[in-house]
Amino acid sequence: MTEVDSAEMALFASTSRSFLDKEVPLSRLRELHAVGAPIEPAWWRRAAELGWAGLLVPEELGGGSVSGNGVADLAMIAVELGRNIAPGPLHPVSTVLAGLVEAADGSAHEKTIEALVSGELTASWAAYEPDRPWAPLNPAVTVTAVDSGYRVDGVKDRVEAGGESDLLLVVARGDDGVCQVLVPTDAPGVVIEPEPTLDFVKRYARVQFDGVRIPRSAAVGTAGEAERQIERQEQIALLLQCAETVGILDTVLALTVQWAFDRHTFGRPLASYQALKHRFADMKMWLEACRATTAAAVSDIAARSPQAGLSASIAKSYVGERACPIVQDCIQLHGGIGVTWEHDLHLYLRRAALYRSLLGTPEEHNLRIYSHHEGLRAVI
């Protein structure tokens with residue numbers, strides 16, 4: 001998503017790509033899927049050593065970015081993940097760190113932040129709830145004040161890497177409204193069950209909180225801060241999702257174009273046929289529009305623009321709507337081999353289809369965009 005405009009950034013990008021190519025090639029994803037195993041924790045610790053987990057964290061808390069723009073650097077890493085449809089908790093860990101850093105009392109969680117940045121701990125954001133659409137500001141899970149701290153009750157689902165995480169940042173409803181609390185996954189009363197997913201290696205979980213007791217220090221932020229934190233976390237989560245999808249589309253289209261040049265019929269490469277040229281031109285145009293809307297969201301989120309939430313919804317709406325048709329077209333252009341289990345195209349389609357449905361569908365974000373413009377009309 002960002003221009004590599006310095007030697008340091010070029011090194012960071014090339015190192016990250018080489019790391020992914022070596023550590024998690026597509027053959028490795030198939031191996032993990034075949035045995036039903038998650039990515040090894042040691043892999044994420046090595047990724048954290050490259051600085052991936054600390055891009056949104058200020059230097060005084062152990063983080064830092066290469067370019068000075070952690071949001072843009074994080075988007076670049078997400079694009080690289082998309083090229084390899086890599087596993088790992090980059091999305092949930094980054095989202096949780098965004099919330100911890102956003103809190104006015106972020107220093108109260110300094111040790112947790114340092115452990116997440118180093119890869120020693122992993123965490124996930126528990127915001128979805130069963131049988132409910134994406135509405136993180138309207139939770140049903142409750143946090144009740146008790147003598148020893150707080151009691152958490154309710155159920156969350158679609159928690160990415162929930163079964164592999166050490167901590168969950170839970171969105172809940174407290175005595176003063178919406179709040180967020182950190183809950184250890186090994187706390188008594190926490191029950192985690194795996195949920196099925198389209199993706200080969202992305203894992204999700206349903207988490208039940210049955211009278212879970214946590215100390216008062218588990219609260220993230222003060223009363224009245226939670227909505228601002230959640231909005232920032234959502235923006236980061238959407239940015240990561242869209243940027244990774246752009247990496248997916250870039251890779252799939254490049255593979256298909258190369259296939260069209262290599263594959264010959266009647267003595268001519270497929271790429272020489274005008275009808276196919278038109279299809280490739282359409283897909284390239286849609287890809288560049290996905291890239292542009294995502295880049296606009298990255299810019300607004302990094303600058304903390306008042307339009308950041310709107311830009312994130314626009315990117316999610318467009319990328320989510322276009323990604324699957326582009327990958328499906330590429331599969332069709334590959335002919336019979338494109339629909340085989342042995343070919344890698346379906347791995348990319350699985351990730352794109354998963355992301356379309358998570359963090360709000362394109363239709364849900366279209367309603368947000370519509371509501372925003374209706375609000376502007378009312379003001380005018």
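Leucine 333 makes contact with Thr256, Trp259, Leu276, Arg279, Phe280 and Met283, not counting neighbours within four places in sequence. The model in which these contacts appear is predicted. Leucine 333 belongs to helix α9, which covers residues 308–333. With a relative accessible area of 11%, leucine 333 is buried, because the limit for that class is under 20%. Alanine 260 stands 73 residues away from leucine 333 along the chain, yet their C-alpha atoms are separated by 7.9 Å.

Leucine 333 can be placed against a record as well. UniProt, in an unreviewed entry, gives residues 241–366 the feature "domain: Acyl-CoA dehydrogenase/oxidase C-terminal". In the model, that stretch is 75% helix and 3% strand. The C-alpha atoms at the two ends of residues 241–366 are 17 Å apart.

The charged side chains come next. The salt bridges number 24. One of them joins glutamate 244 to arginine 351, with 2.5 Å between the closest N and O atoms. This pair ties together distant parts of the chain: glutamate 244 sits in helix α7 (residues 226–262) and arginine 351 in helix α10, 107 residues apart. Are these two residues buried or exposed? Both glutamate 244 and arginine 351 are buried.

Helix α10 spans residues 345–357, and the loop between α9 and α10 holds the acidic partner of another salt bridge, aspartate 344. The side chain of aspartate 344 meets that of arginine 30, at an N to O distance of 3.2 Å. Arginine 30 lies in helix α2 (residues 26–35), and the two residues are 314 residues apart, so this pair too links distant parts of the chain, given the helix limits that the DSSP runs set. Aspartate 344 has a relative accessible area of 25% and is partly exposed, because that class lies between the 20% and 50% limits.

A salt bridge within one helix is formed by glutamate 80 and arginine 83, whose side chains meet at 3.6 Å, N to O. Both residues lie in helix α4 (residues 70–84), three residues apart, about one turn of the helix. How accessible is each partner, buried or partly exposed? Glutamate 80 is buried, with a relative accessible area of 5%, whereas arginine 83 counts as partly exposed at 23%. This pair is also part of a network of salt bridges that links Arg17, Glu80, Arg83, Asp250, Lys284, Glu288 and Arg291.

Backbone geometry gives two further points. Which residue in strand β3 has a positive phi although it is not a glycine? Arginine 158 has a phi of about 50°, and this residue lies in strand β3, residues 149–160. Its side of the accessibility scale is the middle class: arginine 158 is partly exposed, with a relative accessible area of 27%.

Leucine 359 is also a residue other than glycine with a positive phi, here near 60°. Leucine 359 is found in the loop between α10 and α11, the latter covering residues 362–379. At 13% relative accessibility, leucine 359 counts as buried, because its value is under the 20% limit.

Terms used:
Residues are numbered from 1 along each chain as its sequence is written. This is a predicted model: local features need pLDDT of at least 70, side-chain atom pairs count only at pLDDT 80 or more; totals for chains, interfaces and linings use all residues. Side-chain values use heavy atoms; hydrogens and water are left out. A salt bridge is a side-chain nitrogen of Lys or Arg within 4 Å of a carboxyl oxygen of Asp or Glu. Helices (H or I, at least four residues) and strands (E, at least two) are DSSP runs, numbered from the N terminus. Buried means under 20% relative accessible area, exposed over 50%, partly exposed in between (1.4 Å probe, protein chains only). UniProt positions are given in the numbering used here, feature names are shortened, and annotations may be inferred rather than shown by experiment. Contact means heavy atoms within 4.5 Å.
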